[in-house]
Amino acid sequence: MAKNAESVWSNCLKIIKDIVEWQHFKTWFEPINPVELKGNVLMIQVPSQFFYEYLEEHYVNLLAKTLKRELGKDARLEYRIMVDSGNNGRNGSMDVPASNMKTYNNNEMNFPLVIDNPVKNPFVIPGLKKMQIDPQLNHMYTFDSFIEGDCNRVARRAGKTVAEKPGANSFNPLVIYGGVGLGKTHLAQAIGNEVKRTHPGKVVLYVSSEKFINQFQDHSRNNAINDFIHFYQLIDVLIIDDVQFFSRAEKSQDAFFAIFNHLHQSGKQLVLTSDKPPKDLDGMQERLLSRFRWGLSADLQVPDYETRIEILERKMKNDGLDMPKEVVKYVAYNINTNVRELEGALISLLAQSSLNKKDIDVELAKKVLRNFVKTSSKEITIDAIQKMVCEYFDVPYDKLLQKTRKREIVQARQITMYLAKAFTKNSLKTIGEHFGGRDHTTVIHSCQTVKDLMDTDSIFRENVMELTQKVQLAAM
């Protein structure tokens, strides 16, 4: 029985299918069509030049061996690469003369390159020699505008490392996770902007998971999934925002798995954001979750009081705004959920001041913040003051009540008693009872000691003043 292109290629596929992983076979071999068999030369048609280059880089030995088994040691393979003709909607192909064939000495097979136009870009920004891809970045999101604090230090510094050497570090992928409004998108895009600044030749792309899913579905309806995958495999630094939404898109996960594998194996950088750590991402394929854990997962937490003040002051400086210090502290103290609400409160306060022609003061801040948090004058308790002091000095609550002569514990207890006397209506006896049953004379001695130390020790005085401000803000 005479051999033809279809039968030869079919026999090759039977061998290849048993060697490569199923997903790789489906992605890189199923789309190939046998075109023509002339003697010992088999021509196959592939969808794009990228497709050709990937086969040449990763599967040339496998193709050589399987084809030799079918056609003998002089077997040769030629590619026909589809050409997108442009707006007329017609496709064609172009063959390159034999003089342009590349020779692979390791298997003695020649592969003539057939020219085609580049892979279709789902962002519809065409390029010919090199794809010009809009990175989809907001230039306002930079490392300079991302305030570092204890809440985000690991994530920010890991982001800087990634931006300096994308793909050439152990943080690949870098997974940034945290609650709403804590700066995940800001930090992820800051990485992209820094890469574009320091590595202008790198192809960077930021895309939300929802846009990725929508693009995949559009290409699926048009039978162009391979074009979609090939496009994303051209990216040097791929930033995917809110990957938790992949959980409801099984087929999109398959596509992203193929993209992830190719980029990671090619030394390209992946940056992912999520509202929770990888281990808590329900509905995600285990093979994807295992790859998310290859790199570094860094969380963003709610910024502390000092960081919130710095965030407000930086935004005011950038926008050329001015506001009394006590108002900044009041806003920072009361908006303690996320950065987005913090900035929203600042904008609302400035708007109210401008529209109503009122000076910005604490009273106006109280009025504005009613739309953000419940703010009403409240009585400060001894327990609340104890908690503030323990957090400030990083002292365990139980240590505050014990009988110990450790200087840091004794001073923290004395300051707490001093503040409790100043800001609560409790008697000296009641205050003493909150500290392990100490009597009123101990409270009197503690208050006097604090006053004396404030006169002689500037650092001690500064600590007491900061704690006093915290209590005052809590009472507003």
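**Two helices, a parallel sheet and a hairpin**

Helices α12 and α13 are oblique to each other, because their angle falls outside the ranges that count as roughly parallel, roughly antiparallel or roughly perpendicular. Helix α12 comprises residues 325-334 and helix α13 comprises residues 339-355; they pack at an angle of about 140°, and their axes are 10 Å apart. An angle has to be over 145 degrees to count as roughly antiparallel. The crossing of α12 and α13 is right-handed. On the side of α12 the contact is made by V327, V331 and A332, while α13 contributes L342, A345 and L349. Sorted by class, this contact of α12 with α13 has 6 nonpolar residues, no polar residues and no charged residues. The model described here is a predicted one.

The next element to consider is a sheet. Strands of a sheet pair through backbone hydrogen bonds, and the pairing may be either parallel or antiparallel. In this model, an open sheet of 5 strands shows parallel pairing, and its strands follow the order β8-β9-β10-β7-β11. Strands β8 (204-208) and β11 (296-300) stand at the edges; each has a single partner strand, so one side of each is left without a neighbour in the sheet. From one strand to the next, the twist averages 15°.

The pairing at one edge can be followed in detail. Strand β7, residues 174-178, pairs with β11 in the parallel sense over 5 bridges. Within this pairing, L174 has L296 of β11 as its bridge partner.

Helices also lie against the sheet. Helix α9, which spans residues 250-265, packs on the sheet and touches β9 (237-241) and β10; the directions of α9 and β10 make an angle of about 135°. Helix α5, made of residues 153-164, lies across β7, β10 (269-274) and β11, and runs at about 135° to β11.

The loops that connect these elements deserve attention as well. P173 lies in the loop between α5 and β7. The peptide bond that leads from N172 to P173 is cis, with omega near 10°.

Two further loop residues have backbone angles to note. Q136 is found in the loop between β6 (109-111) and α5. Although Q136 is not a glycine, it has a positive phi of about 65°. With a relative accessible area of 25%, Q136 is partly exposed, because buried residues have under 20% and exposed residues over 50%. D242 is placed in the loop between β9 and α9. Its phi is near 60°, a positive value in a residue other than glycine. D242 is likewise partly exposed, with a relative accessible area of 24%.

The last element in this account is a hairpin, formed by β1 and β2 with 2 residues between them. Strand β1 (residues 33-38) and β2 run antiparallel and are joined by 5 bridges. K38 stands opposite V41 in β2. In the turn, G39 has a positive phi of about 65°. In a regular strand, the side chains alternate between the two faces of the sheet. Strand β2, residues 41-46, is mostly covered, and 5 of its 6 residues are buried.

Technical notes: Residues numbered from 1 in each chain as written. Predicted model: local features only at pLDDT ≥ 70, side-chain atom pairs only at ≥ 80, totals over all residues. Heavy atoms only, no water. Pairing = 2+ DSSP bridges. Helix = DSSP H or I, 4+ residues; strand = E, 2+ residues; numbered from the N terminus. Axes fitted to C-alpha atoms, helices over the stretch in contact; angles between N-to-C directions. Contact = heavy atoms within 4.5 Å. Parallel < 35°, antiparallel > 145°, perpendicular 65-115°, else oblique. Left-handed = near helix turned anticlockwise from the far one by under 90°. Nonpolar A, V, L, I, M, F, W, Y, C, P; charged D, E, K, R; others polar. Buried < 20%, exposed > 50% of the residue type's maximum accessible area, 1.4 Å probe, protein only.
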